[in-house]
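Visitor: Hey, I've got a chain open and could use a quick tour. Can you walk me through it?

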Amino acid sequence: MDWKIAGALMFGLVLGWNVYFVNRYRRGDISLGDLATLLGVVGGAGVLSLFPNNTDLFGAYGVGLGTGFFAYFIILLAMVQWSPNFDSDWFLDGRRKNPPEGFGFGTDSRPTLAPMAPNPTPLERQPATQPVTINFHGTNPGEGSTIRGAGWPETLSLPNPDATRVQRACAETWSRAGPNGPFKEASHRYVVEVAHRLGVNLSGSSDQILERIEESPSWRALPDGPAARDAALRGKFVIAGVKSGAGSPPRMEGQLAVVVAGPLNAGAWAPAGYWGSSDFTIARTGGSGAPISECFRAALRDDILYSFCEI
């Protein structure tokens, strides 16, 4: 093997390694367009100018590309096998042992998003040291009763203590996750952490959480967004969610949000809420108590599942 072939092989190894890395830490949904992009990167004009087609150089590059891609996975398998905290379930649904006291994931760690996402450890519940600022989108519900025809329930101006508790848990979870924290980057992690702060046991992926809620006698279904808003006003823990198979094209993962006391959106169908998401455009407003119409697009309105439990 001469230096040219060796160089092509090593170039392919490095690129293949990074292709696996990029896909493992991707934030958006997977689509067919990703294949065209990948082909353009690994087999485009730039690559063919370095390693012409039907030559030994291109063959060595292809071998290196495949070797680097699968070497990442094989090394990851070995590390999981050696670690006492992980097993094969981590590759399936993200399960792993929670770290013992004195250890944690850290607020500056980069979470693995697809599919090997660590299940966050419930943080110790602490009393709020500072008042939570409630952000209203549209008319402040405390002022709504003074506007003729506003139609807001009077209870909005005097929120239930448990409703305030839910909103505080949502705001604190968001604020303590760090600028790129795991609770902000995946909806199921965020909802699981809020639930733990409120003493509600939830775990698993978004789809698994929604399926368990449907099967659990502790949870009751709600017909729509206005009913979910009313339940949140009464101090219930309300979850809104869409399964991964909903919509066209279907998503690779479901989406969850916590419904809180607040006004509906302009279309009067979406209550206020908090959420995380692997999609930055969705996650960026997840900590502001905005209407969940900023989390679930209007086309998914009829696919949103609303449920509540007591806290």
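Guide: Sure, with one term up front: a residue is called buried when its relative accessible area is under 20%. Also keep in mind that this is a predicted model.

Visitor: Okay, how much of the chain is buried?
Guide: Of the 311 residues, 42% count as buried. The accessible surface comes to about 16700 Å², and 57% of that belongs to carbon and sulfur atoms.

Visitor: And what's the mean pLDDT?
Guide: The mean is 75, with 67% of the residues at 70 or more.

Visitor: Where does pLDDT stay under 50?
Guide: One stretch is residues 113-132, where the model still has 52 contacts beyond four places in sequence. Residues 136-158 also stay under 50, and for that stretch there are 27 such contacts.

Visitor: Got it. How many helices and strands are there?
Guide: The chain has 12 helices and five strands.

Visitor: What order do the strands take in the sheet?
Guide: The order is E1-E5-E2-E3-E4, in an open sheet with antiparallel pairing. E1 (220-222) and E4 (273-274) stand at the edges with a single partner strand each, so one side of each has no neighbour in the sheet.

Visitor: What about E2, which strands does it pair with?
Guide: E2 (residues 237-242) pairs with E3 (residues 255-259) over five bridges, in the antiparallel sense. Another five bridges join E2 to E5 (residues 305-309), and that pair runs antiparallel too.

Visitor: Which residues are the bridge partners of Ile 239, then?
Guide: In E3 the partner is Val 258, and in E5 the partner of Ile 239 is Ser 307.

Visitor: Does the row carry on past Val 258? I mean, what stands opposite it in E4?
Guide: Tyr 274 in E4 stands opposite Val 258. E3 and E4 are joined by two bridges and run antiparallel.

Visitor: Back to E2. Are its faces covered or open?
Guide: Both are covered. In a regular strand, side chains alternate between the two faces of the sheet. On one side of E2 you have Phe 237, Ile 239 and Gly 241, on the other Val 238, Ala 240 and Val 242, and all are buried. That's six of six residues for the strand.

Visitor: How many residues of E3 are buried?
Guide: Five of five. Gln 255, Ala 257 and Val 259 point one way from E3, while Leu 256 and Val 258 point the other way.

Visitor: Which helix lies across those strands?
Guide: Helix H9 (residues 187-197) lies across E2, E3 and E4, and runs at about 35° to E3.

Visitor: Any odd backbone angles? What's the phi of Ala 268?
Guide: Ala 268 has a positive phi of about 65°, although it is not a glycine. Look for Ala 268 in the loop between E3 and E4. Its relative accessibility is 43%, so it counts as partly exposed.

Visitor: Switching to helices: how far does H4 reach?
Guide: H4 (residues 56-82) has 27 residues and reaches 38 Å from first C-alpha to last, close to the 39 Å expected at 1.5 Å a residue.

Visitor: And which residues of H4 are buried?
Guide: Among them are Leu 57, Ala 60, Tyr 61, Gly 64, Leu 65 and Gly 68, with Tyr 72, Leu 76 and Val 80 further along. An α-helix has 3.6 residues a turn, so residues three or four places apart point the same way.

Visitor: Last one: what share of the contacts is long range in sequence, say 24 or more positions apart?
Guide: Of the contacts with a separation of 6 or more, 63% are between residues 24 or more positions apart.

Notes: Residues numbered from 1 in each chain as written. Predicted model: local features only at pLDDT ≥ 70, side-chain atom pairs only at ≥ 80, totals over all residues. Heavy atoms only, no water. pLDDT = per-residue confidence, 0-100. Contact = heavy atoms within 4.5 Å. Helix = DSSP H or I, 4+ residues; strand = E, 2+ residues; numbered from the N terminus. Buried < 20%, exposed > 50% of the residue type's maximum accessible area, 1.4 Å probe, protein only. Areas by Shrake-Rupley, 256 points an atom, 1.4 Å probe, with all protein chains shown as cover. Expected span 1.5 Å × (residues − 1). Pairing = 2+ DSSP bridges. Axes fitted to C-alpha atoms, helices over the stretch in contact; angles between N-to-C directions.
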